Amino acid sequence: MPLRRLPSLLKLLTLGLLLFCFTGCALPRVNAEDRLFLDLSLDFLGAYELPVDTFENTTVGGLSGIAYDRQRDRLYAVSDDRSSINPARFYTLKLDIGADEAGQPRFNGVEITGVTTLKDQTGATYSPNSLDPEGIALSPRQSVFIASEGVARDGVSPFIQEFDLTTGQYKGSLQIPERYTPKTVDDQPQGIQDNLGFEGLTLNPGGYSPTWLEPFRLFAANESALLQDIAEPDPDSTEPQPTRSRFLHYLVGDERSTLISEHLYLVEPLPEGAIANGLTEILTLDQAGHFLSIERSYGIGGLNAKIFQLATGGATDISGISTLSGDVEGIQPIRKQLLLDLSTLDIPLDNLEGLTLGPQLPDGTRSLIVASDNNFNDDQITQFLLFRLRGLQEG
């Protein structure tokens, strides 16, 4: 074959292949929504029930928020005791994750190794019903931030405060917008609903690396809507509607901490047979606005939870909007994508409220840990679930 004919033949072959693919190849379609999310998946590795009921003269229970300390290989868990059973506190726990004969991760257990009592600005323990701790986030300055959802029926406001990691001594407080304070304005109640205030708390970088410097970002979210954000009934719809929660974004520094923005988070409508559904935790994954969240429901069918991936990029800043009860069509909420419905695990689930990235697994992948709040109820358990999280880049 003359060499001069090769370019022409190559062009014809290339054109033919392109025409074949455009007409016959089943190319995968990726929509814009999918490109917002990371390519994540979860493998369930096991469950563990914490058998301990007391530790150093405290009642172990109500573990409503967890955070992993990568440097010390320890887990911190805040108890939602309102300082009524024992003083407000958080526990230090050690995870035992090994490998089986095939080298696969095996969840051996959880051991409590310490308890730290929270102290207020005067150095005293918190008085009963002056707080309701629900979230905990580890910071790179040897401290933890703890969120209290308040006690609305007693007029106690929610807070996000910082405490020394070792002593539990109060170090500071973030400013919470007035709209979260439970009170009546012009005969209209506003602020947090009782037992439905701050539940989600996470920090970016979250204490996972000692190299991150200040300022850092902290995020918090309500379990449910503020009273003034409860959606007005839609007369044209009989379908259950999502709940309008708020997601706060702070910039935390040495000199000053600032609320940068708020976003609309839509909690899933009530599942069939459920009487309540709420956002119980958020977890930052990277510095590009990707998070995980866990929503827990309960009702006649028992307890269930779902883990979602979130993408905050493009979400509307609602910090200047006093109420979300009306039309929110013009507001872009945080986008969500279901990652795992935990009902598919085919195991009994408890009141799952804690969520954190955990240690690296023996096979080199990253773990995710979920924990339950037993409500200090003898009929419930303190449950830990271990997952392998695929698709997250180490940072």
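Start by selecting Phe-44 and Phe-387: in strand E24, Phe-387 is the bridge partner of Phe-44. Strands here (E, at least two residues) are DSSP runs, numbered from the N terminus. What you have open is a predicted model, where local features need pLDDT of at least 70, side-chain atom pairs count only at pLDDT 80 or more, and totals for chains, interfaces and linings use all residues. Residues are numbered from 1 along each chain as its sequence is written, and side-chain values use heavy atoms, with hydrogens and water left out.

Now widen the selection to E1 and E24 (residues 383–390), which pair in the antiparallel sense over eight bridges. Two strands count as paired if DSSP finds at least two bridges between them. Add E23 and E22, and you have an open sheet of four strands in the order E1-E24-E23-E22, with antiparallel pairing. At the edges sit E1 (41–49) and E22 (352–360), each pairing on one side only.

Next stop: strand E16, residues 243–252. Eight of its ten residues are buried (under 20% relative accessible area, 1.4 Å probe, protein chains only), so E16 is largely enclosed by the rest of the structure. On one side, six bridges join E16 to the antiparallel E15 (residues 216–222); pick Ala-221 and you'll find Phe-247 of E16 opposite. E16 also runs antiparallel to E17 (residues 257–267), with ten bridges and a hairpin connection through four residues. Try Arg-246, whose bridge partner in E17 is Leu-264.

Finally, click Asn-86, in the loop between E5 (74–79) and E6 (89–99). Asn-86 is buried, at 14% relative accessible area. Beyond its neighbours within four places in sequence, Asn-86 contacts (heavy atoms within 4.5 Å) Asn-57, Thr-58, Thr-59 and Asp-81.

Definitions and conventions: Buried means under 20% relative accessible area, exposed over 50%, partly exposed in between (1.4 Å probe, protein chains only).
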